[in-house]
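Here are some worked exercises to try with the model open in your viewer. Have a go at each task before reading its solution.

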Amino acid sequence: MPKKIYIVEDEKDIADIVRHYLKNAGYAVENFDDGENALRRIRVSAPDMLLLDLMLPGMDGLELCRLLRSEPQTKKLPIIMLTAKGEETDKIVGLEMGADDYITKPFSPKELVARVKALFRRNEPDVDKVKKVQYGKLLLDTEAHAVLLNQKEVILTAKEFALLEYLMLRKGRLVSRDNILDAVWGMDYYGGNRTIDVHIRHLREKIPLLKSALTTIKSFGYKLKEEK
Ligand code: CA
């Protein structure tokens, strides 16, 4: 499977040339000319790396980067920021917002490909990453993006998975709805608390042990009890 890279860049000439070089280097590439479309696509199917232009129509690169970093599934998504000359301050802000690297326009496509390869290499043996989280008979495998209950796979949506991961990593702790919203849906999500409740209900239906293990703390949030 070739690694998948998304390019978010509104300047078509640059987007096309970057795409061409990355494809030649063996990557699968998708282009987006604005942040909103890219975000929608990433939430459905996250790439292995994101090349993100800073100045975009609508949601800019910084905002998109910040959002992606606030969501568990894309918290560690490798991001290279593309900045124009004279955007030095933004470049620094970009790194503070969590971009892994940046490259200044105009850049040579070869250099960009080299940076992409370097960043993939840097991220490969990620030993610190939590890969498997166990809760009684429930096993969540973040790497395989799978949940097993009594060794049988439970099919979850991306949001259900992220929500379950968030709760499992915080077992024994009270978690507020606001924190869940921020972490799983992103800061600017506007759907309100009902969305969480619906997802919790689905999780309890799909994973019966949560009916007793996951308690609702009225008008605050939830708590996944310690296993007995
Ligand atoms: Ca631009």
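Leaving aside its neighbours within four places in sequence, which residues is Leu-209 in contact with?

**Exercise 1. Place Leu-209 and its surroundings.**

Solution. Keep in mind that this is a predicted model.

Step 1: Find the residue. Leu-209 sits in the loop between α8 (193-206) and α9 (210-213).

Step 2: List the contacts. Once neighbours within four places in sequence are set aside, Leu-209 is in contact with Tyr-135, Lys-137, Leu-138 and Leu-149.

Step 3: Check the distance along the chain against the distance in space. Leu-209 and Gly-136 are 73 residues apart along the chain, yet their C-alpha atoms are separated by 9.0 Å.

Step 4: Classify the exposure. Because its relative accessible area is 26%, Leu-209 counts as partly exposed.

**Exercise 2. Describe the second largest pocket, starting from its lining.**

Solution. Step 1: Collect the residues. The lining consists of Tyr-135, Gly-136, Lys-137, Leu-209, Ser-212, Ala-213, Lys-225, Glu-226, Glu-227 and Lys-228. Leu-209 from the previous exercise is one of them.

Step 2: Sort them by character. The lining of the second largest pocket divides into 3 nonpolar, 2 polar and 5 charged residues.

Step 3: Add the volume, which is about 170 Å³ for the second largest pocket.

**Exercise 3. Work out the strand order of the open sheet and identify its edges.**

Solution. Step 1: Write down the order. This open sheet has 5 strands, arranged as β2-β1-β3-β4-β5, and the pairing is parallel.

Step 2: Look at the ends of that order. β2 (28-32) and β5 (101-105) each have a single partner strand, so one side of each has no neighbour in the sheet.

Step 3: Note the twist. On average, neighbouring strands of this sheet are turned by 20 degrees against each other, direction ignored.

Step 4: Inspect one pair. Strand β1 (residues 4-8) pairs with strand β3 (residues 49-53) in the parallel sense over 4 bridges. Ile-5 has Met-49 as its bridge partner in β3.

Step 5: Add the helix that crosses the strands. Helix α1 (residues 12-24) lies across β1, β2, β3 and β5, and runs at about 170 degrees to β2.

**Exercise 4. Follow the chain out of β5 and characterise the peptide bond there.**

Solution. Step 1: Start at Lys-105, which belongs to strand β5. With a relative accessibility of 9%, Lys-105 counts as buried.

Step 2: Relate Lys-105 to another part of the chain. Its C-alpha atom and that of Asp-53 are separated by 9.8 Å, although the two residues are 52 apart along the chain.

Step 3: Move on by one residue. Pro-106 is in the loop between β5 and α5 (109-123). The peptide bond from Lys-105 to Pro-106 is cis, with omega near -5 degrees.

**Exercise 5. How many residues of helix α6 (residues 158-168) are buried?**

Solution. Step 1: Count. In helix α6, 10 of the 11 residues are buried, so the helix is largely enclosed by the rest of the structure.

Step 2: Look at who they are. The buried residues include Phe-161, Leu-163, Leu-164 and Leu-167, and also Lys-159, Glu-160 and Glu-165.

Step 3: Take Glu-160 as a test case. The cut-off for buried is under 20% relative accessible area, and Glu-160 has 3% relative accessibility, so it counts as buried.

Step 4: Find what surrounds it. Not counting residues up to four places away in sequence, Glu-160 touches Ile-155, His-199, His-202, Leu-203 and Lys-206.

**Exercise 6. Find residues with a positive phi and compare their settings.**

Solution. Step 1: Begin with His-145, in the loop between β7 (138-141) and β8 (146-149). His-145 is not a glycine, but has a positive phi of about 55 degrees. Its relative accessible area of 40% makes it partly exposed.

Step 2: Go on to Gln-151, in the loop between β8 and β9 (152-154). Gln-151 has a positive phi of about 65 degrees, again without being a glycine. Gln-151 counts as exposed, at 75% relative accessibility.

Step 3: Finish in a hairpin. β11 and β12 form one with 3 residues between them, and Ser-219 in the turn has a positive phi of about 50 degrees. The two strands, β11 (residues 214-217) and β12 (residues 221-224), run antiparallel and are joined by 4 bridges. Gly-221 in β12 is the bridge partner of Ile-217.

Methods. Residues numbered from 1 in each chain as written. Predicted model: local features only at pLDDT ≥ 70, side-chain atom pairs only at ≥ 80, totals over all residues. Heavy atoms only, no water. 1 Å grid on protein atoms, 1.4 Å probe; cavity = no way out; pocket = protein on both sides within 12 Å on 5 of 7 lines; lining within 4 Å. Points joined across faces, edges and corners; volume = space filled by probe spheres on them. Nonpolar A, V, L, I, M, F, W, Y, C, P; charged D, E, K, R; others polar. Pairing = 2+ DSSP bridges. Axes fitted to C-alpha atoms, helices over the stretch in contact; angles between N-to-C directions. Contact = heavy atoms within 4.5 Å. Buried < 20%, exposed > 50% of the residue type's maximum accessible area, 1.4 Å probe, protein only.
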